[in-house]
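Visitor: I have the sequence and the model open side by side. Could you walk me through a few of its elements?

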Amino acid sequence: MMANTNMIVALDIGTSKVVCLVGEINVDGTIDIVGIGSHPSRGLKKGVVVNIESTVSSIQRAVEEAELMAGCKIHSVAVGIAGSHINSLNSHGIVAVRDGEVTEFDLERVIDAARAVAIPADQKILHILPQEYEIDSSEGIREPLGMSGVRLEAKVHLVTGSVNAAQNIEKCVRRCGLEVDNIVLEQLASSYSVLTEDEKELGVCMVDIGGGTSDISIFTGGSIRHTAVIPIAGDQVTNDIAMALRTPMQHAEEIKIKYACALAQLAAPEETINVPGVGDRPARALSRQSLAEVVEPRYEELFNLVQAELRRSGFEDLVAAGIVLTGGTSKMEGAVELAEEIFHMPVRLASPQGTRGMEDILGNPIYATSMGLLQYAHEDQGGEPAQQVVEAEVIERASMLNKMKTWFQGNF
């Protein structure tokens, strides 16, 4: 039986993994996760595609897994973008209000005026994110539609990225027979799934520490104010362990996940770990504290760079809600404690929220971006449950219960 259903699909093409999530939009506008596919990523370095074949292969595996679990055929996806090529700036535009009352047309004109900034030829605008509007002398307006006035001003946050980097991501997705609905800045996506409205209002700095890059976004007054990318993340930590302990990369990754600690004083010196040797060399024992002494300087360097970026942005004194860490590399023991020592402000580790289904698997910081991509795609479509966000054909519903649920949603 063929039927149509309201589904959205997110594709997080990360440096360490590719994740595909299929979400079903309910009548009340909430999202149920009905499919997940995950596969190690081989074709990216620091968030940028360096090998198209490997990336295509990883995407295909992840998409096939998600299709199988959701029982549907995926046609188009919302995909994330990251990397050091991402730049951002704040801009503003001013227009005269046409008929004494702000209309959709006026909003479009003022956003167009705000985006008229010179950017390099090899960059393109990825996002135009309105921060606030001003009508005549009234500041801090969030929803100006229908308000009376003569002059309308918009303050916006512009995010630009490399044309080639975006094209390479699109190329990889299209090679898998899929269309790209929208390309979303990864830290913007993550903020949808891990930050609360109160934090955005009060002022917060989110740091999404992935495999290849650490992505920063700063919110104050409920709007995004600054974004940045730092090319230091989990891969550098793995590399440090491999070099210092003279062990192959795959073993270094396992040791990092199982035993590493970002704050040496938290690791007990009597705890020992087994370190495999390179080639025919025998394995040897090492104290967990020695491992922490290798890892801590790299996390310290990362947090110092984040602090420098926070200072440079001018928002250091405005993030009253502190720092929110997310992403796979933020999960390490001691990371929050070390961050609190460096930033001298509250730090919390955040897991993605806001969807239903598979919480035991998806309630993990490594899925922050993919979960956020789903929520961004849903909101980008106006958050309307009745809209067809992604064309998906239901091939086979897993059980009679699901068929009954679909029938009830269609008939009542």
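Visitor: Which elements do the buried residues of α6 pack against?

Guide: This is a predicted model, in which local features need pLDDT of at least 70 and side-chain atom pairs count only at pLDDT 80 or more, while totals for chains, interfaces and linings use all residues. Residues are numbered from 1 along each chain as its sequence is written, and side-chain values use heavy atoms, with hydrogens and water left out. Among the buried residues of α6 (under 20% relative accessible area, 1.4 Å probe, protein chains only) are V237, I241 and L245. The buried residues of this helix, a DSSP run of H or I with at least four residues, pack against α7, β16, β17 and α8.

Visitor: How far does α6 reach from its first C-alpha to its last?

Guide: Helix α6 covers residues 234-245, which makes 12 residues. The expected span is 1.5 Å times one less than the number of residues, and for α6 that expectation is 16 Å. The model comes close to it, at 17 Å.

Visitor: Which strands stand at the edges of the open sheet?

Guide: Four strands, DSSP runs of E with at least two residues, form this sheet in the order β8-β11-β9-β10, with antiparallel pairing; two strands pair if DSSP finds at least two bridges between them. Because each edge strand has a single partner, one side of each is left without a neighbour in the sheet, and these strands are β8 (87-96) and β10 (138-141).

Visitor: Which residue in β10 does I135 stand opposite?

Guide: Strand β9 (residues 123-135) runs antiparallel to β10, joined to it by 2 bridges. Opposite I135, in β10, stands S138.

Technical notes:
Buried < 20%, exposed > 50% of the residue type's maximum accessible area, 1.4 Å probe, protein only. Contact = heavy atoms within 4.5 Å.
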